[in-house]
Structures are given as structure tokens and as C-alpha cells.
Amino acid sequence: MERAHDAVEMLDRPAPFADLSQSLDDIARLNAFFGGARLTLRHVKRLVADLPRDRRVTVLDVGTGGGDIPRALVRWARRAGRSIRVFALDRDGETLRAAALRMAGYPEITLIRGDALALPVQPRSVDVAISALVLHHLPPAEAAVSLAEMDRVARRGLVANDLFRSRLAHAVVWLTTRLLARNRMSRHDGPMSVRRAYTLPEVESLARRADLVDVRVHRYAWAFRLCAVRTRT
């Protein structure tokens, strides 16, 4: 399956707030169903495992959407008895407004408006930079810049989690969105996201373009996900 590089998802366009909000809830539900959020958490926990337990963990989530992964990170930290601060960044003001409605009871999360291609964050100022379902929205040159920016701001490492492109992934996501998604945007964007996604060799190429030669790309066939992970030493 060739990449649909010219396709545009409905979530990338202005949309009524009710549709946007419902679509973000669909994404969170599908993230949980396929295990995508758990994969990000697994890698973040590994990256910070050797930090002193009395030291606050800091995470930047690039392209946070509805903020489901920041909330999952906070719930993990509370269970583990760890202090955490999560900066949840998105470029779209309406998306951040929707995320803010879901943040009651999560004072550990700070919402920030900013661009994945020019993160408003100082170098090495957070422990881990993460993104989920962001890379496929970007053309190759911009995706490489986004990875480089995540690496610039992170002390411990980065985790970029996204779908991978295949005919099977497209078929399964098409069916799942018909069964589980409540919003028309999600039913359109889910399969389109797979068509826009990168393959494992393509993500490795993006990392090389970003001069991140030691990035390891993990493929999780059961979740139709790739995780590009860099551990800084």
C-alpha cells in the first residue's frame, strides 16, 4: 500500500467543537482498545526506571489531542508513588480547550499551545518527550524535524508512537471504527490515518534524516503500531 501523502483528515481541518470533542474521545477509546497508550507508557517507564524515586519525572507530550496519554501517565505515577509533571502540547486551540475539559483532578498536567516543529521548550528541560499518532500527520521532512525537536528537549529519551501502514491494518481499523467510533470524523480519519502512516523502514529513514542514528523502531503487529525510541546515555 503506497502512502496517501496528499490525503487530509477531518481532524486537521476546522470542525464544530462537539464533533472535535467526540472524535478525541473516540481516539482515546481506540488507543485503549488497541493498546497504543500502554505501549507508550511501557517505554516511558523504562526510560525513567533508574531515576531516583524522590525525583520528579517530567514528560512532554507532543500533539496531545484530548490528553488521554498524559492522564494515563499521571495515574501510573500515582500508583507507583512517583511525582510527575506532564506538559501536554498541541498547536490547535480548540483541541486544547477540549483537553482542558478532561483534566479535572489532574493538577500534574499543564497544557501548552505550541508547534511540534518548533517546540517552545528549552533544550534538555524534560526527562522524556513523547508523541502518539502524530507522525502520520506530517510529511517526511516535517516528521524528521519533529523527531529532532523531541530529541532536543529530552534528557532521557523520546518515544514516538504511531500506526504502521499495511492493508491488514487498514481493514482492521476500518472495521473497528465502524463498530466503536461514535463520530463521523473518526470513522473517516481512522482508516485514513493508516493510509497516511509510515512503515518501519520509513520511520528508520525519518530518524536518520533527523540525525538520530541510534533510534530503535519497535513493531507491534498485534496493535498495528510502531514505536520509535531513543535512549540517551
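This passage walks through the overall build of the protein, its pocket and cavity, and a few individual residues.

The model is a predicted one. Its secondary structure adds up to 8 helices and 7 strands. How does the spread of the chain compare with that of a compact globule? For 233 residues the globule rule would put the radius of gyration near 17 Å, and the protein comes in at 16 Å, so the two agree. Laid along the principal axes, the C-alpha atoms take up a box of roughly 45 × 40 × 30 Å. Of the 233 residues, 55% are buried. The surface left exposed amounts to about 10700 Å², with 53% of it supplied by carbon and sulfur atoms. As for how the chain packs against itself, take the contacts between residues at least 6 apart in sequence: 78% of these join residues at least 24 apart.

Next comes the open space. The largest pocket holds about 1000 Å³. It is lined by 48 residues, and the closest to its centre are Leu11, Asp12, Ile27, Leu133 and His137. Several elements give two or more residues to this lining, namely helices H1 (17–34), H3 (68–80), H4 (93–100) and H7 (184–196), along with strands S1 (57–62) and S2 (84–90). H1 makes the largest contribution, with 7 residues. Sorted by type, the pocket lining has 22 nonpolar residues, 13 polar ones and 13 charged ones.

Then there is the closed space. The structure has 1 cavity of 30 Å³ or more, and the space in the largest cavity is about 60 Å³. Its walls are made by Leu135, Ala160, Asn161, Asp162, Leu163, Tyr198, Val203, Leu226, Cys227 and Ala228. Strands S5 (154–163) and S7 (225–231) each put at least two residues into this lining, and the largest share, 4 residues, belongs to S5. By type, the cavity lining splits into 8 nonpolar residues, 1 polar and 1 charged.

A few single residues are worth a look. Met10 sits in the segment before H1. Its relative accessibility is 21%, so Met10 counts as partly exposed; the cut-off for buried is under 20%. Which residues does Met10 touch, once its neighbours within four places in sequence are set aside? The contacts are with Arg184, Met185, His188 and Asp189. With Asp189, the C-alpha to C-alpha distance is 6.4 Å, even though Met10 and Asp189 are 179 residues apart in sequence.

The backbone has a couple of points to note as well. Most residues other than glycine have a negative phi. Arg124, though, has a positive phi, near 55 degrees. This residue, Arg124, is found in the loop between strands S3 (109–113) and S4 (126–132), and its relative accessible area of 33% makes Arg124 partly exposed. Leu133 also has a positive phi, in this case near 60 degrees. Leu133 belongs to the loop between S4 and helix H5 (140–153). Is Leu133 buried or exposed? At 18% relative accessibility, Leu133 counts as buried. Leu133 is also one of the residues closest to the centre of the largest pocket.

Notes: Residues numbered from 1 in each chain as written. Predicted model: local features only at pLDDT ≥ 70, side-chain atom pairs only at ≥ 80, totals over all residues. Heavy atoms only, no water. 1 Å grid on protein atoms, 1.4 Å probe; cavity = no way out; pocket = protein on both sides within 12 Å on 5 of 7 lines; lining within 4 Å. Points joined across faces, edges and corners; volume = space filled by probe spheres on them. Nonpolar A, V, L, I, M, F, W, Y, C, P; charged D, E, K, R; others polar. Rg over C-alpha atoms; globule rule 2.2 N^0.38 Å. Buried < 20%, exposed > 50% of the residue type's maximum accessible area, 1.4 Å probe, protein only. Contact = heavy atoms within 4.5 Å. Areas by Shrake-Rupley, 256 points an atom, 1.4 Å probe, with all protein chains shown as cover.
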